[in-house]
Amino acid sequence: VPTVDPELVKRWHSEGGELVELLSQVRERAGGVAGVRLGPALTVLVTDPQAVQHVLALRPDRYVKRSHRARLLIGDGLLAATGEAWKRQRRLLQSQFTGTGMRRYEHRITQAARTTAERWEAYARTGQSLDVGKEMHRFALDTIWRSLTGHPLDDETAHELEAVEAVGAALPTLPADADKARDAVAADLARIDAVALRAIEAVRGGDAGPDGPGLLHILTDAATERPEYTDQLIRDELVTLLAAGHETTATTLTWLYLLLDQHPAAREAALAAGDAGSEERRRAVQALVHETLRLYPAAWLLPRHAAEDDTLVGHTVEAGTDLLVCPYLTHRDPRLWPDPERFDPQRFLTPGGRPTHPGAYLPFGIGPRACLGLQFALRESTILLEHLLPAHTVAFSATPTKAQYGITVRPDGPTPATLEPALV
Ligand code: HEM
């Protein structure tokens, strides 16, 4: 694997730059499969679409996920599970997140979108300021909570569930020692466990909630036939769905509003497409989401570990090597995406407007470990925007000047705004 000069990393360290800047230079100098020594060992950065497809979709048996740190929060939940256990867990949840399963949750998503739209109406009437990022978090959490429990999200649960994000944000900087790491976030983990336990007990006690049985019922029902679904595993799946299912969508919707602030014509173009509720409108709104996900794929780095020696598009990768697949850089490769920094939703509406290689656009990953919530995320984003976009324009009073590249890529700072009644 072509590897960059260690001087590049040294300089980056001393200048205190962002990881994404270093990775971008690594790709520029060494290509789509590029070596870099971030620590003592070699890390391989994968951005070439063919190599991306090989690692994630064609040979996922050779490039495995290792989620030591995430396990602290999500235990053996789907995101961290491996082997046969992962297969069983995925099979159970997959049917809920596709086809008819998915349609069962459509109503809950719509309820959550209406609740947000009503809140925004009140903000617009009173001229009160809101924080777009916080609003999107509340919506995404409400959506997934309703889908899990059949209940709308109440303020107290919302407050307790802030602990999920707190632990998630702390993960990259926790001590390597598992016990010490657990101690550092023990109070937040206890809050999360208490909410999870309460929800599981409510379902067991026959509480289906006003929206009817939710995903948690599927899990507790499974427990009656499958001994592996212990209360601990049900808790782990619940926390996994909360953690994987809200920050990503919320961040995407926040980026989308920040992008529309710079490109108001894109909002108008989407609203000019077809009538409200038409398929044409839906496609146009979804193109806004896709173009946002191209520029800011929330999961901007997908780590893998080579379990065996392999040849990766002509390069030798030894067993034990860590790899970083980077959708963010693939999505900004000018050889794949002309004028890549430009926000242009038309790419996703025009035939031939985007590269068709499966490894060229992967905000939800690809292959067997691709996002379970892909359809869910697209539906909730589209439904919310179909409610909000026609009603108001958002006037930000300040916008973050840069992105924060952690586990997700998100706006680095608050997003205060007021709402104005839409003229178009
Ligand atoms: C996995 C992105 C929303 C649940 C993934 C992966 C990506 C991703 C890239 C694959 C990670 C890898 O290969 O290492 C996103 C984005 C979202 C989103 C960008 C929103 C815009 C959701 C939602 C849910 C969800 C709404 C649940 C309701 C999951 C789960 C996995 C996953 C459970 C693990 C699947 C497995 O390993 O089998 N997501 N996701 N995601 N996502 Fe999402």
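**Group meeting: a pocket, two sheets and a helix pair**

Let me begin with the second largest pocket, whose lining residues divide into seven nonpolar, nine polar and six charged. Please keep in mind throughout that this is a predicted model. The lining comprises 22 residues, and those that lie nearest the centre of the pocket are G133, K134, H137, E165 and R410. As for its volume, the second largest pocket comes to about 520 Å³.

Which element gives the largest share of that lining? It is α7, with five residues, and if you want to trace the walls in the viewer, at least two residues each come from α7 (132-149), α8 (155-160), α9 (162-170), α13 (231-262) and β11 (409-411).

Let me turn now to the sheets. In general, the strands of a sheet pair through backbone hydrogen bonds, and the pairing may be parallel or antiparallel. One open sheet here has three strands in the order β4-β12-β9, with antiparallel pairing, and its edge strands, each pairing on one side only, are β4 (130-131) and β9 (392-396). Between β4 and strand β12 (residues 416-421) there are two bridges in the antiparallel sense, and D131 has P416 in β12 as its bridge partner. Packed on this sheet is helix α6 (residues 99-126), which touches β4, β9 and β12 and whose direction makes about 65° with that of β9.

The other sheet I would like to show is also open, and its five strands follow the order β1-β2-β8-β5-β3 with mixed pairing. Here the edge strands, again pairing on one side only, are β1 (33-37) and β3 (63-64). β3 is joined by two bridges to strand β5 (residues 302-306), the two running antiparallel, and Y63 stands opposite A306 in β5. Across β1 and β2 (42-46) lies helix α2 (residues 19-30), which runs at about 125° to β1.

Finally, a helix pair. How are α14 and α15 arranged with respect to each other? Helix α14 (residues 264-272) packs with helix α15 (residues 279-295) at an angle of about 155°, and their axes are 8 Å apart. Angles over 145 degrees count as roughly antiparallel, and therefore α14 is described as roughly antiparallel to α15. On the α14 side the contact is made by A266, A270 and L271, and on the α15 side by R281, A284 and L288. Sorted by class, this contact of α14 with α15 has five nonpolar residues, one charged residue and no polar ones.

Definitions and conventions:
Residues numbered from 1 in each chain as written. Predicted model: local features only at pLDDT ≥ 70, side-chain atom pairs only at ≥ 80, totals over all residues. Heavy atoms only, no water. Axes fitted to C-alpha atoms, helices over the stretch in contact; angles between N-to-C directions. Helix = DSSP H or I, 4+ residues; strand = E, 2+ residues; numbered from the N terminus. Parallel < 35°, antiparallel > 145°, perpendicular 65-115°, else oblique. Contact = heavy atoms within 4.5 Å. Nonpolar A, V, L, I, M, F, W, Y, C, P; charged D, E, K, R; others polar. 1 Å grid on protein atoms, 1.4 Å probe; cavity = no way out; pocket = protein on both sides within 12 Å on 5 of 7 lines; lining within 4 Å. Points joined across faces, edges and corners; volume = space filled by probe spheres on them. Pairing = 2+ DSSP bridges.
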